[in-house]
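Colleague: I should like to learn how to read the contacts, cavities and backbone features of a model such as this one. May we take them in turn?

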Amino acid sequence: MKIKSSFFSTGVLPFFIFILSIGITLFGWHSSLKNLEHRKHVRFESRVQDISARIRERAGVYIDALYGARGLFAASNSVEAGEWRAYVAQLQMEKRYPGIFALGYIQKISRKEKEAAVEDIRSNAGFREAGYPEFKIYPEQEKSEYYPITFVEPSLPGNMIFGYDLSTSESLSQVLMKSAESNAPHISGKIHFPQPEMKEADIFIAMPVYKHDSKIDTVEGRKQALEGFVIAIIEPRLLFSKILNFSRRDWRIDFEIYDRQVMKDEHLLYDNDSVLDSVHNTNASFSVTLPVTILDRTFALHATGDPDFGSNDSVGNQLPLYVLFGGFVFSWFLYFFLNVLIFGRAKAEKYAEEKHQDLIKEIAERRAAEESLWRSNEMRNAIIHGANFSIISTDVNGLIQTFNATAEKMLGYSAKEMVGRSTPEVIHVAEEVANRARSLSRELGREIKPGFEVFVAKPKLGKPDEQDWTYVRKDGVRFPVRLSVTPLKDNRGEITGFLGIAGDLSETRKAQAELLAYKTALDHHASVAVTDKAGVIIYANDRFCEVSKYARHELIGKTHQIVNSGYHPVSFFTDMWDTILSGLVWQGEICNRSKDGTLYWMETTITPIKDLNGEITHFVAVRTDITELRQSRERVEMALKGGDLGLWDWNIQTGDIFFNERLTSMLGYGLGEMAPRIEAWEKLVHPEDKPRVKEILRQHLSGETINCETEHRLLKKNGEWIWVLNKGKTLEWDKEGKPLRAVGTHLDITEKKNAEQKIQEAAKAKSDFTSMVSHELRTPLMVIQESIGIVHDGSAGPINADQLSFLDKAKKNVERLARLINNVLDYQKLDAGKSIFQKKIDSLNDITREVVNDYHEVAIKRGLEIDLFLCEDMPKVMLDRDKIIQVLANYLNNAIKFSKEGKIFVSTGHEGNTVKVSVTDNGPGIREEDQDKLFSSFSQLGEANERKTGGTGLGLVISKQIIEAHGGKVGVESSFGKGATFYFILPIVERRISQEKS
Amino acid sequence: MKRILVADDEPDIIDILRFRFKKWGYEMIEAVNGQEALDAVKKLRPDLVLLDFRMPVFSGEEVCQQIKNDPELRNIPVIIMTASQEKIRTQIKNAYGADDTILKPFKPEDLLEKITKYLIEG
């Protein structure tokens, strides 16, 4: 203040100074204003550049998405619509890739393939789910190659974009070709797609897709291997509105994007008219045009700022006013310091501006970097975690950068553990890596050391590297994978790292092993031949050679005519061909002839093999040798036929039963007329026989009997009954021992049964007749006997000696006749088993004594004596008293009859479990050769004797029957001329009890 | 004199028995079938009835059954003549209430013994 006042106090040019001060003030005001303008301009430019950076960055994101999509093709041999859809869906484009309108696929189709490819796309459900019948390539042009769009996701109504051939425009065609030749993404210029939803101009980025395992290290190789392109269709409006919206509130900038560096309307891609009215607003204070290079194309970004741009920067904008008014008020003061002040301020402002710009730049860069990082992480996560592949990325030195969720799952390591470690260290087998290193060294002609280089040597050269490896899981478990390694490149094409995508082959290997096992089993068991459509053999397995006895080279190139035996009629084979040519499987038994002329039978299944279009290309014939089976089948058939046996084979648990033809015909049914069910058979069993048959079956099925055999009646179809001998046996049981399967036979025994019945009837008739005759004889016999008796005993008056003598004869013979009749009746009853025995515990001693007493008198009359010897401790036995008396009486009667004089000995005794009674006479005896005949029916020894003694010849036979019915035995001991001993033996059934009682 | 009813469809048997009973001192009433026999029993009340097993109209066992079911007649002893075995004879006695049976052909002495036994006891 003091200095200033001294200036004024000097009074030199105060006005001039004032004016000057004003002038200086004005100048200061003006330069400050200019400075402000400059600052604004710099800031404006920096912001526009920021936008341009964002655009580039976003394009980079899109390109990454395309790399991901191409990865899908790399990981799978052919990508189908569904996979594409799933892939695109998981990208969540709207959220993560705003601006990408759709992801599509362009298929390269040569003219030659055009028809087929179009047809395939139209019809093939596998390729395009429901197919797309209206598909056509358009605009129609005669070209050597077509590049129509074949997939688009998300799909658009009407799918009008399908089939749109992008190569019809020369500029687009160039974009595609450049991309294909350079194996790099290329971006197109402005394009209008023929799809109503895509009103606005679009651009697309194309990424070439090559055939698997093809050589793409030269331009020519890449052209050859080109399969198509994945494309990202980008709608600029969406893209920019998103970017600009970012800070729109304080940014008042109009943007125009041109697809060239020429700002002509036809190249205008985008214009955010919403900010300023006019596109070419020349009144606007700021306007800048920046080139934005994305991939190989340079776009022009023209930005126009409005005059108020930056007006809310309060300090900067108010500064000139301060200068102006301050200048007036403090002119002196200002005068003295103004230049210094302006200079200093300008300097400071310049510095501040520089700093400020640096800061803005830094912020922008950092923000862009963060944004980029965030975006690429998002993208990576999407691809990486969506994939069912282990994805491991490394830097150029092999240090792991990413380790995806599938890799974690597959290998058991967490990403945390692995990121930063070097591969192949723990997850590979060292030996395998070493082996691969050796083979790679040979292949590439330089030494490749085992280590990371093994994996990247080829990818570095731009060669695909897809190898099968063994991965080692954290727990040591090894499993096979197919690993493909791709170099990761930055925009300049510099390799920044590598991406290893691995698919677990365990399942595939398992399936392969299984397939091999099947093949081995099939080869072992069956003869397998593959023929072409004409029937020419193109493959024959060992078994086929073995069975046919031809060497393989003798079979290959021939038709099956070579093994034709001539057994089958021609129609047999025409039928077969008709079947298989119509696409059906043929099965049958074929008789073939081997090289050495022997015939063999093959059960054959021929399956036609079709290509994708349903055309038959091959036939596979699988055959099993059934020669022996047929022989044994024939043998069984012959055996059954020879034995006239019907066969049944019964599944006990299901009730199904098989009947052979003989069995059904036995019952009058045709083959197949009888329901093959056990219930159906049961219905045919005669009701009277059913309980018995069921019981026998029950006993067998419960295991009580080993075989099951019964005779029963079955109903024939015509209502007649037949008798069958049904024999069966259980052959299979389940784990619990329940019967599963029984097999058996039916033999028609109706005739035998009828014969048996006739015999029985005849026997009964005979028995009835004998019985009737005997009974009928009794009455007249009694009358004769009584009449003779009345005359003979003189009751009817006196008779003379001659008359008496004849009456004696008559009486004796009538008595004999009566005995004969009684014996016949007895015999017949015993023989027919009609005699009823009433057995009781009884004493043989008592019985013997009684009978001897009865005959005592008769014996004395004949001058004979009976000596009786009874065993003292004779056990009691079970016997029918009357019947035993009959036997003993018969013995004694005979002994008396045949003895002329002397003694008859009767004795009892026991030995072991038997008791014995013997009667010994001193008669003529019996010749040894006649002894056996004595007890057989109606034998008559010495007829003269018989007549003389009045026997019937049936006594001993009846005796034998009675004793045998007691479980005993009769016998005779004799030597001719020295008498005979007749005896019988009875068993002691319960000796202990008998003794107690005796 | 005791009266014995004899029923048999065989006239020769009747003749022979008539001769024997006369000798033995019994009066004989004759019948040739079951009906006649039953009528005669009711009307004449004999001291003993001798029935053949097989007869026309009523068989011997039927006549026997009727006699034994009639309270007024049941005390009259009934003997049945049959050619059947002892087993059947036992059944006849149990089932029809016959007092005794005699096996055809029989000896005259055996018949006399049985008759005497019932007539003296009765």
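**The interface and the interior**

Modeller: We begin with the contacts between chains. In this predicted model, 17 residues of chain A touch 16 residues of chain B.

Colleague: How much area do chain A and chain B bury between them, and what share of it is on carbon and sulfur atoms?

Modeller: Buried area is the accessible area lost, summed over both parts, when they are put together. Here chain A and chain B bury about 1700 Å², with 61% of that on carbon and sulfur atoms. On the side of chain A, 33% of the area buried against chain B is supplied by R778(A), M782(A) and E786(A), more than by any other three residues.

Colleague: How many salt bridges does the rule find across the interface of chain A and chain B?

Modeller: The criterion is a side-chain nitrogen of Lys or Arg within 4 Å of a carboxyl oxygen of Asp or Glu. The rule finds 2 across this interface. One salt bridge joins the side chains of E786(A) and R20(B), with 3.3 Å from N to O. Helix 24 of chain A (residues 750-792) provides 10 residues, the largest share of the side of chain A that touches chain B. By class, that side of chain A has 5 nonpolar, 7 polar and 5 charged residues.

Colleague: How many residue pairs are in polar contact between chain A and chain B?

Modeller: With both residues at pLDDT 80 or more, the count is 3 residue pairs.

Colleague: Let us turn to the interior. How many cavities of 30 Å³ or more are there?

Modeller: A cavity is a set of points where a 1.4 Å probe fits but cannot get out. The count comes to 7 cavities, and the largest holds about 140 Å³ of space. It is lined by 15 residues, of which T394(A), T423(A), L483(A), V485(A) and G500(A) are the closest to its centre.

Colleague: Which classes of residue form the lining of the largest cavity?

Modeller: That lining has 11 nonpolar and 4 polar residues, and no charged ones. Strand 12 (390-395), helix 15 (452-460), strand 15 (478-489) and strand 16 (495-504) of chain A each supply at least two residues of it.

Colleague: Finally, what should one look for in the backbone?

Modeller: Most peptide bonds are trans, and most residues other than glycine have a negative phi. In this model, a cis peptide bond joins Y138(A) and P139(A), with omega about -5 degrees. P139(A) is in the loop between helix 6 (125-128) and strand 3 (145-146) of chain A. N183(A), although not a glycine, has a positive phi of about 50 degrees; N183(A) lies in the loop between helix 7 (170-182) and strand 5 (186-187) of chain A.

Notes:
Residues are numbered from 1 along each chain as its sequence is written. Chains are lettered from A and ligands numbered from 1 in the order in which they are written. This is a predicted model: local features need pLDDT of at least 70, side-chain atom pairs count only at pLDDT 80 or more; totals for chains, interfaces and linings use all residues. Side-chain values use heavy atoms; hydrogens and water are left out. Contact means heavy atoms within 4.5 Å. Buried area is the accessible area (1.4 Å probe) that two parts lose on being put together, summed over both. A polar contact is a pair of N or O atoms within 3.5 Å; within protein, one must be able to donate a hydrogen and the other to accept it, and residues adjacent in sequence count only if both atoms are side-chain atoms. Helices (H or I, at least four residues) and strands (E, at least two) are DSSP runs, numbered from the N terminus. Ala, Val, Leu, Ile, Met, Phe, Trp, Tyr, Cys and Pro count as nonpolar, Asp, Glu, Lys and Arg as charged, and the others, Gly among them, as polar. On a 1 Å grid over the protein atoms alone, a cavity is a set of points where a 1.4 Å probe fits but cannot get out, and a pocket is an open set with protein on both sides within 12 Å along at least five of seven lines; lining residues have an atom within 4 Å of a point. Grid points are joined across faces, edges and corners, and a volume is the space filled by probe spheres set on the points.
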